[in-house]
Amino acid sequence: MSEAGHVLAIDQGTTSTRAIVFDRRGVPAGIARREFAQHYPADGWVEHDPEDIWRDTVAVMREAVAEAGLGAADIAAIGITNQRETTVVWDRRTGEPVHRAIVWQDRRTSDLCRKLVEEGCGPLVRRKTGLLIDSYFSATKIAWILDHVPGARERAERAELCFGTIDSFLLHRLTGGRVHATDATNASRSMVFDIHRQDWDDELLALFRIPRAMMPEVLDSSAEFGATEPDLLGRAIPITGIAGDQQAATFGQACFEPGMVKSTYGTGCFALLNTGDEPVESRSNMLTTVAYRLDGRTTYALEGSIFIAGAAIKWLRDGLGIITHASQTDDMATRVPDSHGVYLVPAFVGLGAPHWDPEARAAIFGLTLDAGPAHIARAALEAVAFQTRDLRDAMVSDWSAAHTATSDALRVDGGMAANDWLCQFLADVLDLPVERPAVIETTALGAAGLAGLKAGVYRDQAALAGAWRCDRRFEPRMDAAKRGRLYDGWLDAVRRVRGER
């Protein structure tokens, strides 16, 4: 076991960057967080400034360690978890980005994706990567940068440029430019990584016109990734864990057995079902992805991705101005007996799984003169639960075709999971118990767990599973008729948004 008893997790998300120090029990000892600017250059375009993210990362690391009352000598290792698919291309020598990061929500390459689908490329991509062709993933974002930044393609061909998701960019910066790597979970979201061979695929790289020379080395999720520059925290600290945010949350929720399901509620909502060492091909528009890779052994998952969850609450605050803080939605939802027939379909950047409709746009249905802000706020929360049911029904259909049933509860995490009303409504709509963990920061906890395993802070996965604790279990209490009526109304609203009625 490591003498230093703490692990520092960097949780780089879509709207904020956090750092959390965890002790040997997986309990947070210090937390720091900073929001950063979102850039919207055109309709459907979303960008981040990588320099903002880097500055915030250094700041929150230092602040979290200080808040914990610790020094660099007390930190055994660092784990990184990150917003997936968000694409950065930077100069290998200087570390300077050649363009703002193109965020996973960005839809600028939808036309290219549609063209590739029409050309019949979908089966090839699906067979090798487990993904559907969509601008959500990294490949077409990389191609866009190479095509639109003068000289970028030529520089990439000469191995002068690096591609990476945010984890890889931060790793390069943290190690002083010595390491260009990622882990298997992040690689699996690129649309050019063969999840069966566990390597970049030359045929797909050629399809998307991406030079292999700019791709990072792919390591296990728990591995020796390098060490930080000493001046960042006072000494060189090993970086021994990396995973994309949803896979990190799966690990942090101790969903280690096939059939276990977790759902994370942040900017978007992402549900993952552990399928063990078997990659299950979906017939329901779910994604087949890497859950984590340890000691060269890959654990797979089925995933459903919802683009907008907490972002809809942010829109209530910043767009409509009907709330000043996200926590107000709990009170507003309980202030009215129901949503008064109001449905909000939050397709602000299109619809994700199982619809995969990039052209869909958000809409509110069922408004009457006596509908008010509380009904709209409640509808925004209800939409999160309805979308979760869309995902779970699809995943269970894929999994149950050849396996025993999934676990008897849904484990939830993320900022929205702190909302008691939402958790209860989830249980009611899913007709399934919902378990909220004692440590709700499970994304960061997963990164810490992966890093701590390699560093010797945590003994093994069984120890991590044994440390998982349930804070509250929400049992379903809605009658079947009401559940069916509410969900039918949701499906009708989705059809309307998609122009099917």
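Glu85 is buried in this predicted model, with a relative accessible area of 1%. That value is under 20%, so Glu85 counts as buried. Glu85 sits in the loop between strand 5 (75-82) and strand 6 (88-91). UniProt, in an unreviewed entry, lists Glu85 under "binding site". The points below cover that record, two further buried residues and the sheet that contains strand 5.

**Binding-site record and Glu85**
- The "binding site" positions in the unreviewed UniProt entry are Thr14, Arg84, Glu85, Tyr136 and Asp245.
- Beyond its neighbours within four places in sequence, Glu85 is in contact with Ile102, Trp104, Tyr136, Phe137, Ser138, Lys141, Thr165 and Arg189.
- One of these partners, Tyr136, is itself on the UniProt list.

**Asp245**
- Asp245 belongs to helix 10 (residues 245-252).
- Asp245 is buried, at 14% relative accessible area.
- Residues up to four places away aside, Asp245 touches Thr81, Asn82, Gln83, Arg84 and Thr443.
- Arg84 is among those contacts, and UniProt lists Arg84 too.
- Helix 10 lies across strand 5 and strand 14 (238-244). The helix runs at about 105° to strand 14.

**Arg107**
- Arg107 is found in the loop between strand 7 (101-102) and helix 2 (110-118).
- Its relative accessible area is 6%, so Arg107 is buried by the cut-off of under 20%.
- The side chain of Arg107 makes a polar contact of 3.1 Å with the side chain of Asp134.
- Another polar contact, of 3.5 Å, links the side chains of Arg107 and Ser135.
- Leaving out residues up to four places away in sequence, Arg107 touches Gly44, Asp134, Ser135, Tyr136, Phe307, Val349 and Pro358.
- Tyr136 therefore appears in the contacts of buried Arg107 and in those of buried Glu85.

**The six-stranded sheet**
- Six strands form an open sheet in the order 3-2-1-5-14-13, with mixed pairing.
- Strand 3 (28-35) and strand 13 (222-227) stand at the edges. Each has a single partner strand, so one side of each lacks a neighbour in the sheet.
- From one strand to the next, the twist averages 25°.
- Strands in a sheet pair through backbone hydrogen bonds, in a parallel or antiparallel sense.
- Strand 1 (residues 6-12) pairs with strand 5 in the parallel sense, over seven bridges.
- Asp11 has Thr81 of strand 5 as its bridge partner. Thr81 is also one of the residues that Asp245 touches.

Technical notes:
Residues numbered from 1 in each chain as written. Predicted model: local features only at pLDDT ≥ 70, side-chain atom pairs only at ≥ 80, totals over all residues. Heavy atoms only, no water. Helix = DSSP H or I, 4+ residues; strand = E, 2+ residues; numbered from the N terminus. Buried < 20%, exposed > 50% of the residue type's maximum accessible area, 1.4 Å probe, protein only. Polar contact = N/O pair within 3.5 Å; in protein donor to acceptor, adjacent residues only side chain to side chain. Contact = heavy atoms within 4.5 Å. UniProt positions renumbered as here; feature names shortened; annotations may be inferred. Pairing = 2+ DSSP bridges. Axes fitted to C-alpha atoms, helices over the stretch in contact; angles between N-to-C directions.
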